[in-house]
Amino acid sequence: MAVADSDRSLELQQSGAPARERLARIWEGEAGLRGWLSTVDHKEYGKRYIATAFIFLILGGLEALVMRVQLAGPNKTLLTPEQYNQLFSMHGLTMIFLYAQPVLSGFSVYLFPLLLGARDMAFPRLNAFSYWIYLFSGLFIYAGFVLGYGPNDGWFNYPPYASMRYNPGPNMDFYAIGMILFGVSSTAGAANFVVTFLRARAPGMSINRVPILTWGTVTASFGILFSVPAVSLAFFLLWTDRQFGTDFFNSGQGQPLLWQHLFWIFAHPWVYVVVLPAMGIVSDALPIFCRRPLVGYTVVVLATVATMVMGFGVWLHHMFATGIPYLALSFFSAASFVITIPSAVAVFAWIATIWTGRPVLSTAFLFFAGFIVMFTLGGVSGVMTAAAPADQQLTDTYFVVAHIHYVLIGINVLAVMGGLYVWFPKMTGRLLDERLGRWNFWTVFLGFNIAFLPMHWTGLAGMPRRIYTYPEGLGWTAVNVVTTIGAFILAAGVLLLLVNMYVSRRHGAAAGPDPWGGPTLEWATTSPPPTYNFAVIPAVASRHPLWEGSLDESGERSSLQRGMILDDGKEMLTTTALDAEPDAIQKMPPDTLAPLLAALAATALGAAALLHAWIGATIFTLLLFAALLVWLWPQRAMGQISEQAHV
Amino acid sequence: MPTPADPAMNYLEAFGEKAEAISLLTWALLILSIAVVAIIALLTAAGVTMRRTSLAAEDAKREPVLRPSGGLSWITVGVALSTLALFASMAWNAYTMAAVNRPPRAPALTIEVIGHQWWWQFRYKSDDPAQTFETANEAHIPIGAPVRLEVRTQDVIHSFWIPALGEKIDLIPSQTNVTWFEAEKPGVYRGQCAEYCGQQHAHMAIAVVAETPEAFQAWRVAQLHPAEAQQGGLIEGEALFQARCSACHTVRGTLAGGKLGPDLTHVASRLGIAANTLQNTTATLSGWIADPQRIKPGNKMPTLDLQASELGAIRRYVQSLK
Ligand code: HEM
Ligand SMILES: [Cu+2]
């Protein structure tokens with residue numbers, strides 16, 4: 001690790017105007033398009049992640065609305081079967097991969113350094129790279145869709161229907177290669193979160209003083225690091241099956257069921273990847289509006305970690321109908337029951353926080369309160385599917401569609417919307433409008449429940465999922481009409497949020513550094529924060545540095561105004577993993593186009609592979625290496641000057 | 001137009017020993033779930049209304065921060081009660097799993113279920129080759145006796161599912177799955193493919209006709225018969241069928257021996273056509289033979305461009321295959 005000269009003065013200083021100016025000069029990038037493309041500022045990428053994920057949410061939402069019109073009555077012919085099948089596949093993969101996880105990455109990329117009192121992520125260039133390649137992987141898959149080659153085998157993509165024999169078009173190749181690119185993005189992002197969490201916390205922020213959102217994200221990141229290899233491999237093997245006649249998943253020598261194992265051993269942990277950070281948002285932000293710390297910090301953290309660990313042991317419950325042996329069935333069924341216990345811990349911690357707090361009913365709070373109930377609903381329908389015999393009836397019906405939407409909208413979307421009301425002011429310096437906010441909350445909440453609560457019944461009435469139409473007379477028509485109406489109300493609610501963001505960005509009330517009286521470090525700096533985040537590196541003495549005046553947690557006081565300034569260059573303090581004792585001063589890399597170029601080259605390599613353009617593939621591989629060389633090229637300014645004395 | 005099967009596919013109502021055990025468990029979990037959601041919703045709503053200090057977001061920063069104690073007991077009590085409910089459900093679950101795992105008596109009959117994009121082939125097995133026969137999309141079973149199912153697929157993954165009689169079982173290439181079901185009452189039980197299998201996954205329905213053992217026996221004997229030799233007005237239809245349809249369809253007792261489509265030896269005795277997409281009537285049958293791609297786009301039966309007179313002759317011949 002690059003360590004700066006240790007014999008220069010590291011005295012604690014008060015941050016004056018001259019220091020701020022110096023820091024601004026050091027940290028601010030170029031203006032203009034080139035600056036926009038080459039910046040490595042985490043706050044930029046946090047916002048870009050969120051904006052991009054919202055665009056995908058809108059696309060996925062429009063796809064859903066078209067499907068809902070098709071399903072609003074029996075035997076409708078708005079869509080051909082192939083169109084419907086591409087739409088439900090695009091909708092599922094868009095929401096799960098291109099919206100649900102990236103939007104949470106956006107919050108975390110934006111907030112991590114601010115919550116932890118750091119100046120940037122541990123690897124700012126890697127951060128830029130994971131954003132760009134996420135964007136390009138999404139565009140790659142959508143390019144297929146726009147050209148008429150959208151994936152048409154669902155997000156789960158089971159062979160042999162996904163194999164060349166039954167699916168000769170390039171549809172699946174767009175999906176397979178796009179997913180490999182996407183896997184690079186989530187893996188790079190996860191590694192960055194883990195290292196940032198371990199080494200970039202403010203001095204004094206020992207591991208038991210970290211905000212829950214960062215716990216949620218780091219836990220999810222470990223989940224990504226261990227699960228994504230399975231799916232990247234699976235998609236790669238599928239691609240070789242399709243293009244070169246290998247036989248991993250076909251019914252000759254291969255096993256179609258192998259795909260399902262590889263897929264679900266990834267996709268079940270993924271469910272926790274898209275909810276744990278969202279639960280973290282609620283665990284951190286709900287207490288602000290209850291005017292008290294979260295009840296049971298330690299058990300909630302343990303529950304978070306326990307959920308992820310157990311999340312690796314239940315994948316078979318997606319395969320209860322595949323004819324697996326009785327013993328395996330019993331084990332995975334029991335494990336799937338037990339995994340709900342940590343979730344119960346979180347639910348009661350939130351309820352206790354409300355009951356022992358004094359809630360201020362802001363829009364954000366309403367989203368979080370609604371979230372608690374929706375979380376429970378999605379949880380209990382999950383328990384029903386954990387019961388193997390019951391699941392063998394429920395699986396692949398609309399009951400499961402209702403369940404996943406309670407999980408994904410109830411837990412992810414509601415938390416994200418509430419989180420925006422909390423942190424949009426930090427990101428833009430302007431508050432979202434509260435009156436519009438109430439409308440936003442109630443339309444989303446009611447629309448969502450009108451659409452998806454009756455859908456449980458649709459499933460119990462036996463309607464299978466992934467069908468482009470259904471006959472009359474089976475008792476499915478009325479519920480489907482209600483669902484379609486609810487879907488449009490929900491869409492209107494999402495629109496209200498967009499309007500609110502659009503209007504408030506310019507005309508909202510000024511937020512000030514700390515509009516809600518929050519406890520954590522991001523509220524100690526301006527809104528929006530300067531590029532260097534904090535003029536002095538804060539030193540933390542408790543879990544709630546900004547609430548110490550009222551809570552008196554440890555007797556000591558955090559030091560937010562006096563501290564190291566580190567204005568000799570683009571520098572950041574790194575600390576030890578458990579106790580967050582100062583360890584080294586790390587030189588931070590300047591802005592560069594290299595991550596963008598690397599991402600472009602990788603995507604072009606994917607496109608060349610899709611087209612079997614092997615010369616192009618070779619060229620793009622070389623370009624990829626060239627971009628990586630530029631990225632990593634040693635620079636004197638980044639070099640280590642002398643070894644810091646070990647204490 | 002209702003498809004030819006009732007009762008509907010609601011599986012909270014069951015019509016066989018196996019499905020009953022499952023629906024009881026489902027009901028129990030459903031009621032427990034509703035209770036849990038109601039309790040949590042009430043707790044949340046009551047907490048919000050009783051404890052709230054302000055409706056205005058900007059008051060947040062003015063309200064003092066406190067740390068009243070007593071919060072942790074919520075977690076202890078809440079999690080303890082949830083765990084109790086969970087373990088009770090787990091016990092019931094384990095009990096049900098054991099109960100439905102094997103048939104209570106020796107099965108009366110074995111049916112081989114073979115999935116195709118997008119129709120069902122049923123092969124009635126027997127040790128005596130003369131007693132085996134095949135049909136499609138509509139299976140008959142005797143009531144009051146477990147039936148053994150051996151399921152496999154000819155192409156992609158499908159899932160066999162008759163909600164009122166029991167759970168789904170997937171049809172997976174390179175493996176044969178075995179399960180069983182049983183009907184208590186006579187009736188027509190509708191089912192549908194439950195695993196996404198491509199364009200016409202939506203139109204892959206099953207009719208299971210459960211009847212008294214006597215009626216079943218009579219049906220079986222009738223099915224074993226090959227098609228009768230045709231005379232009179234049907235000869236032309238038969239010839240056209242041989243020319244245009246026999247590459248894909250079998251009619252036992254004739255030269256038609258195609259394997260790509262459903263066996264039509266007794267198609268006229270079935271309730272539905274096109275995997276129960278349509279009721280079996282003169283009009284629907286004509287419509288289907290004239291243009292199957294309009295009714296079920298993408299399905300593997302080509303549109304044959306028949307003359308009106310040819311169509312009529314073929315349709316009459318097919319309707320004679322009782
Ligand atoms: C307006 C809001 C939404 C509506 C009306 C809607 C509707 C639907 C419909 C009609 C299906 C297809 C069911 C089928 O044919 O089997 C579906 C599937 C799905 N939806 Fe949504 N949805 C919405 C929002 C979301 C969101 C926000 C997410 C995730 C964050 C999501 C995730 C999924 C997933 C994962 C599937 C499964 C796709 C599959 O069957 O493979 N949906 N949704
Ligand atoms: Cu099927």
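Helices (H or I, at least four residues) and strands (E, at least two) are DSSP runs, numbered from the N terminus. I'm starting there since those labels turn up all through this talk, beginning with B:Trp118, which sits in the loop between β1 and β2 of chain B.

Some housekeeping, then. This is a predicted model, where local features need pLDDT of at least 70 and side-chain atom pairs count only at pLDDT 80 or more, while totals for chains, interfaces and linings use all residues. Residues are numbered from 1 along each chain as its sequence is written, chains are lettered from A and ligands numbered from 1 in the order in which they are written, and side-chain values use heavy atoms, with hydrogens and water left out.

Okay, back to that loop. B:Gln117 and B:Trp118 are joined by a cis peptide bond, with omega about -5°. Chain A has a cis bond as well, between A:Pro159 and A:Pro160, at an omega of about 5°. A:Pro160 is in the loop between α5 (124–146) and α6 of chain A.

While we're on backbone oddities, look at A:Leu566: phi is near 50°, a positive value in a residue other than glycine. You'll find A:Leu566 in the loop between β2 (562–563) and β3 (571–575) of chain A. With 5% relative accessibility, A:Leu566 counts as buried (buried means under 20% relative accessible area, exposed over 50%, partly exposed in between, with a 1.4 Å probe and protein chains only). In chain B, B:Ala274 isn't a glycine either, yet has a positive phi of about 55°. B:Ala274 lies in the loop between β11 (272–273) and β12 (278–279) of chain B. For context, most residues other than glycine have a negative phi, and most peptide bonds are trans.

Next, charges. How many salt bridges does the structure hold over all chains? There are 22, a salt bridge being a side-chain nitrogen of Lys or Arg within 4 Å of a carboxyl oxygen of Asp or Glu.

One of them pairs A:Arg242 with A:Asp173, with the closest N and O atoms 2.8 Å apart. That pair links distant parts of the chain, 69 residues apart: A:Arg242 is in helix α7 (residues 212–244) and A:Asp173 in helix α6 (residues 171–199), both of chain A. Both A:Arg242 and A:Asp173 are buried.

Now please zoom in on B:Glu112, in strand β1 (residues 109–116) of chain B. Is B:Glu112 buried or exposed? Buried, because its relative accessibility is 8%. B:Arg123 forms a salt bridge with B:Glu112, the closest N and O atoms being 3.6 Å apart. B:Arg123 lies in strand β2 (residues 119–124) of chain B and B:Glu112 in strand β1, so the pair ties together parts eleven residues apart in sequence. B:Arg123, at 30% relative accessibility, counts as partly exposed.

The side chain of B:Glu112 also makes a 2.7 Å polar contact with that of B:Arg152 (a pair of N or O atoms within 3.5 Å; within protein, one must be able to donate a hydrogen and the other to accept it, and residues adjacent in sequence count only if both atoms are side-chain atoms).

Right next on my list is B:Lys125, whose side chain meets that of B:Glu150 in a salt bridge (2.7 Å, N to O). Those two are 25 residues apart, with B:Lys125 in the loop between β2 and β3 (133–136) of chain B and B:Glu150 in strand β5 (residues 147–153) of chain B. And salt bridges that share partners join B:Glu112, B:Arg123, B:Glu134 and B:Arg152 into one network.

On to the interface. Here 98 residues of chain A are in contact with 91 of chain B (contact means heavy atoms within 4.5 Å). Between the two chains we count two salt bridges. B:Glu63 and A:Arg358 meet in a salt bridge through their side chains (2.6 Å, N to O). Across the interface of chain A and chain B there are also 33 residue pairs in polar contact, both at pLDDT 80 or more.

Which element gives the largest share of the side of chain A that touches chain B? That's α12(A), with eleven residues.

That's the tour; any questions?
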